[in-house]
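Visitor: I am new to this structure and would like a short tour. Could you show it to me, please?

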Amino acid sequence: MRLEDLKPTPGSVKEPKRVGRGIGSGLGKTSGKGHKGQKSRGTGKVHPWHEGGQTPLHRRLPKVGFKSFVHKDYAIVNLRTLEERFESGEEVTPEKLIKLGIVKKLKDGVKILGDGELTKPLIVKAHAFSETAKKAIETVGGRAEVI
């Protein structure tokens, strides 16, 4: 096969419409645009969002929503999980939590919440702690360190 042997697929190339070439062509006089009106004019564009004088959708709907850029999205770990997965005196870090599959994605960090009982002293290093979690960790002789 050579470059000069290439042809377009049959039916993919059509002759252009020759409008305004006399009454016998079927596309003479108004050139297939009908009579009068915005769409028959030279720049007869009607935008897709135009609603013909009706109050447009973007003005009918209320202004809603607010997104705070101050908000942090933490990966959450409960005390119950720490109790099950770690031995007494062990150090708990975000890297270990990822390695063990407790946390899938770090997001903005790890936050320890106080759901469940903790009976072993652990050294927990995280980005944030709830008050109950911090109290529970320190009650059993552990340390809660903010990274």
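Guide: The conversation below goes through the sheets, the core and two individual residues.
Guide: This is a predicted model, in which local features need pLDDT of at least 70, side-chain atom pairs count only at pLDDT 80 or more, and totals for chains, interfaces and linings use all residues. Residues are numbered from 1 along each chain as its sequence is written, and side-chain values use heavy atoms, with hydrogens and water left out.

Visitor: What is the strand order in the open sheet that contains S4?
Guide: The order is S2-S4-S6, with parallel pairing. Strands here are DSSP runs of E with at least two residues, and helices are runs of H or I with at least four, numbered from the N terminus. Two strands pair if DSSP finds at least two bridges between them.

Visitor: Which strands stand at the edges there?
Guide: S2 (91–92) and S6 (143–146) do; each has a single partner strand, so one side of each is left without a neighbour in the sheet.

Visitor: How many bridges join S4 to S6?
Guide: Four bridges join S4 (residues 123–126) to S6. In one of them, Ile123 is partnered with Arg143.

Visitor: And what is the order in the sheet with S3?
Guide: That open sheet of three strands runs S1-S3-S5, again with parallel pairing. S1 (75–78) and S5 (128–129) are its edge strands, each with a single partner. Two bridges join S3 (residues 110–113) to S5, and Lys111 stands opposite Ala128.

Visitor: Changing topic, which residues touch the most other members of the largest nonpolar core?
Guide: Val77, Leu82, Leu97, Ile112, Val124 and Ile137 do, in a core of 19 residues. S1, H2, S3, S4 and helix H4 (131–139) each supply at least two of its residues. A nonpolar core is a set of buried Ala, Val, Leu, Ile, Met, Phe, Trp, Tyr and Cys residues joined through side-chain atoms within 4.5 Å. Buried means under 20% relative accessible area, exposed over 50%, and partly exposed in between (1.4 Å probe, protein chains only).

Visitor: What does Leu97 touch?
Guide: Not counting residues up to four places away in sequence, its contacts (heavy atoms within 4.5 Å) include Val77, Leu82 and Phe86.

Visitor: Is Ser130 buried or exposed?
Guide: Ser130 is buried, because its relative accessible area is 16%. Ser130 lies in the loop between S5 and H4.

Visitor: Where is Glu83 found?
Guide: Glu83 is in helix H2 (residues 79–85). Its side chain makes a polar contact of 2.7 Å with that of Thr119.

Terms used. Polar contact = N/O pair within 3.5 Å; in protein donor to acceptor, adjacent residues only side chain to side chain.
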